[in-house]
Each structure stands twice: as C-alpha cells, then as structure tokens.
Amino acid sequence: MSTDLFTFGEVLSVFISTDTESVMSAKNYERVTAGAESNVAVTVSRLGLKAQFYSRFGTDQLGSVMIQDIENEGVDVSLVKRVASFSAAMVRNPGKSAPVEISYLRKGSAASTIEPKDILDSYISNTKWLHTTGITCAISKSGADSVRHALDRANALGVKSSFDLNIRRKLWSEADAKNTLASLAKDVELLIGGEDEYQVVFGDLDSKKILAQANQRGCKIAVMTKGDQIFKYSIDGEYGELTPPKVVAVDPVGSGDAFTGGSIAGLLAGLSPVDALEQGSICGALVASMFGDWTGIPTGQLGLIDKNLAKKFRS
Ligand code: KDG
C-alpha cells in the first residue's frame with residue numbers, strides 16, 4: 001500500500017495533572033499520547049490521507065497503549081519496532097491558570113536508539129511526503145543521523161519532504177541545536193520553525209533575510225511562525241504574511257504540529273502553498289482552542305478540511 005505521508009520520531013505518554021496547576025502538589029493525572037511527528041501523522045490521517053508512522057517503542061505497556069492510540073487514529077503503525085528499553089514520557093501541568101511546565105523522562109529511551117538503517121528506502125519510495133523534525137535530532141546522535149539519512153534519501157528518490165526545526169531547549173543547548181540543524185535546514189519542500197528557532201539556526205534576527213536565505217538553501221516554502229500571531233513565509237523568494245484565525249487559546253501544545261500536518265495535507269491535496277498554509281493555520285488554531293494535542297484536530301476528506309469550516313475561519 002502506498003502512503004501519502006511517512007514520518008518517524010519519538011512518541012511520549014504525556015501525564016497531565018488534573019487536580020492542580022503544579023506537578024509538585026498533584027495527585028491525579030490524565031495520560032494522553034503525543035509527540036511532534038505522530039501528531040503530524042494523526043492530523044494528516046484525520047484529514048483523510050494515508051499516514052504511516054515509524055518509531056522504536058519499549059516492550060512496556062505504555063509502548064503498547066501509545067501504538068494502539070496512534071493506530072486508532074487510522075495511522076499505519078505496522079512498521080514500528082519494540083526494543084528492550086522503555087517508552088518515553090512527559091509530565092506537565094494543564095497550563096490553564098499557570099504557564100505550562102514540562103519535564104521529560106526520555107534520556108536513553110527506546111526511540112533514542114532509532115538509527116539510519118531503520119529507515120529503509122522502501123518506506124520513502126512508497127510515500128508522497130517525508131516529514132521529520134529537530135526533536136529526533138536532539139534525542140540522540142543516531143536519531144540525528146537517521147533524520148539526515150531520511151532527508152538525503154528522499155531527495156535522491158524524488159520524494160518531497162518537510163523539516164520542522166522544533167528546538168527543545170530541555171534536550172540540548174542552542175549551540176548544539178544550531179550545529180546540527182543548520183546543515184539539515186536545506187533542500188526541503190517545506191521548512192517550518194518558530195521565529196526564535198530560525199534565529200538560532202540562521203544566526204540572524206531579520207525575518208525577511210532569514211526566510212530568503214532558507215529559499216536560497218533549497219527550502220521552497222519557508223514558514224516562520226510566532227504562536228497565535230501573524231506568521232511570515234517566503235515561497236520561492238516571494239515574501240508574505242498571514243494572520244491565523246482568532247480563537248480562545250486553551251492549550252497551545254500540539255497546535256504547531258496541527259499547523260504542519262494541515263499544511264502538508266493541503267499541499268498533497270493540490271492547494272496552492274498559501275491556501276495550504278491557511279488550512280494549516282485553521283488546524284493549528286482549532287487544536288489550541290481545545291485541551292490536548294489531538295482533541296481539536298479537524299476531520300476532512302482527501303486532505304482538505306470541510307468547506308464550511310474553512311469558510312468560517314477564512315480571513
Ligand atoms: O509539539 C507538541 C509536542 O511538543 C509534544 O507533543 C511533545 O513531541 C513533544 C516533545 O518532544 O516535546
């Protein structure tokens with residue numbers, strides 16, 4: 001079966017305190033499955049396309065439940081491996097009346113052992129789009145090598161790809177992130193990152209200059225986001241800005257991945273790059289308006305959200 005999207009990375013069991021805003025005093029937690037790449041796979045699947053996800057999971061129950069959750073979203077998980085290690089987790093407060101604070105339990109996890117030979121050419125040649133992120137680069141050297149390998153193979157095989165800078169400062173220093181990510185932010189159909197992440201990787205503060213540089217490095221569509229504020233993009237040297245739909249933000253975690261997934265699905269469906277980014281911004285806003293990484297992801301068909309939903313949010 002050929003797929004529309006192939007992506008890989010670490011999945012986390014996210015434990016969110018439900019009784020208080022501080023993990024220091026919480027007694028009760030809700031567990032949800034999340035992770036940047038699997039969030040993108042779920043978004044693409046909800047929008048009616050075929051997404052395939054790869055990772056290494058531990059042989060633990062959390063590994064089993066996370067695989068099941070992703071599969072329940074219609075994502076093909078048939079390639080995943082189970083290894084003698086543990087599956088990663090994250091602990092956080094809900095962030096309703098206090099800033100979100102997170103801590104990871106992931107160093108040395110099953111997914112951090114992902115290596116380039118895991119990513120077979122057949123996974124890439126079988127898909128229309130490869131998506132990767134800087135998080136996989138941060139979790140281990142073999143993770144970074146795998147991302148580099150996958151992006152190189154996608155280019156060699158003529159498969160479109162995207163890269164989300166996704167710098168996680170709890171996982172590595174800005175200097176290390178820049179060192180690794182600067183050489184990966186090139187030759188992709190879609191480069192995504194927050195303004196601060198682009199500044200770290202490109203070593204400049206001038207957004208227009210950075211985005212133009214990204215295009216010159218072979219990133220056809222370069223998008224610079226800034227939370228719920230106006231985002232900037234440059235497509236083949238053409239600079240533009242878009243205002244995301246206004247929603248009451250309940251939980252912004254995961255909205256960036258919905259933005260990415262919605263944009264990729266739109267591009268795969270044949271939308272113009274600007275219309276695809278607009279669809280992505282609607283998906284991102286909907287996720288931010290609800291609690292959890294997946295709750296607000298809209299459904300759709302053939303990669304497109306419902307026309308009425310799009311009309312409601314169109315700027
Ligand atoms: O983008 C949302 C993700 O950050 C979240 O689901 C957890 O992937 C995650 C990470 O590594 O921080």
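Me: What makes the pair formed by an oxygen atom of the ligand and an N or O atom in the side chain of Arg 168 a polar contact?
Reply: In this predicted model, the oxygen atom of the ligand is 2.7 Å from an N or O atom in the side chain of Arg 168. The cut-off for such a pair is 3.5 Å, so the pair counts as a polar contact.

Me: Which other residues place a polar atom 2.9 Å from an oxygen atom of the ligand?
Reply: Ala 36 does so with a polar backbone atom, and Arg 106 with an N or O atom in its side chain. Both values lie within 3.5 Å, and therefore these pairs are polar contacts too. Of the 320 Å² of accessible area that the ligand has on its own, the protein covers 93%.

Me: Why are Leu 12, Tyr 104 and Asp 293 listed among the residues around the ligand?
Reply: Each has a heavy atom within 4 Å of the ligand, and therefore each belongs to the list. The list also includes Asn 39, Ile 135, Gly 254 and Asp 257.

Me: How does the shell around the ligand divide by class?
Reply: The shell has five nonpolar, three polar and four charged residues. Gly 35 and Gly 254 are in the shell, and glycine counts as polar, so both belong to the polar class.

Me: Where does the ligand sit, and what makes that statement hold?
Reply: The ligand sits in the largest pocket. That statement holds because more than half of the ligand's atoms lie within 2 Å of the grid points of this pocket.

Me: What is known of the space and lining of the largest pocket?
Reply: About 1,400 Å³ of space lies in it, and 49 residues line it, with Pro 252, Val 253, Gly 254, Ser 255 and Gly 256 nearest its centre. Among the elements that give two or more residues to this lining are β2 (12-17), α1 (36-46) and α10 (273-288). Helix α9 gives the most, with five residues. By class, the lining has 21 nonpolar, 13 polar and 15 charged residues.

Me: Why is the space lined by Phe 57 and Phe 86, among others, called a cavity?
Reply: A probe of 1.4 Å fits there but cannot get out, and therefore the space is a cavity. The largest cavity has a volume of about 40 Å³, and its lining has six nonpolar, two polar and two charged residues.

How values were computed. Residues are numbered from 1 along each chain as its sequence is written. This is a predicted model: local features need pLDDT of at least 70, side-chain atom pairs count only at pLDDT 80 or more; totals for chains, interfaces and linings use all residues. Side-chain values use heavy atoms; hydrogens and water are left out. A polar contact is a pair of N or O atoms within 3.5 Å; within protein, one must be able to donate a hydrogen and the other to accept it, and residues adjacent in sequence count only if both atoms are side-chain atoms. Accessible areas come from the Shrake-Rupley method with a 1.4 Å probe; for residues, only the protein chains shown count as cover. On a 1 Å grid over the protein atoms alone, a cavity is a set of points where a 1.4 Å probe fits but cannot get out, and a pocket is an open set with protein on both sides within 12 Å along at least five of seven lines; lining residues have an atom within 4 Å of a point. Grid points are joined across faces, edges and corners, and a volume is the space filled by probe spheres set on the points. Helices (H or I, at least four residues) and strands (E, at least two) are DSSP runs, numbered from the N terminus.
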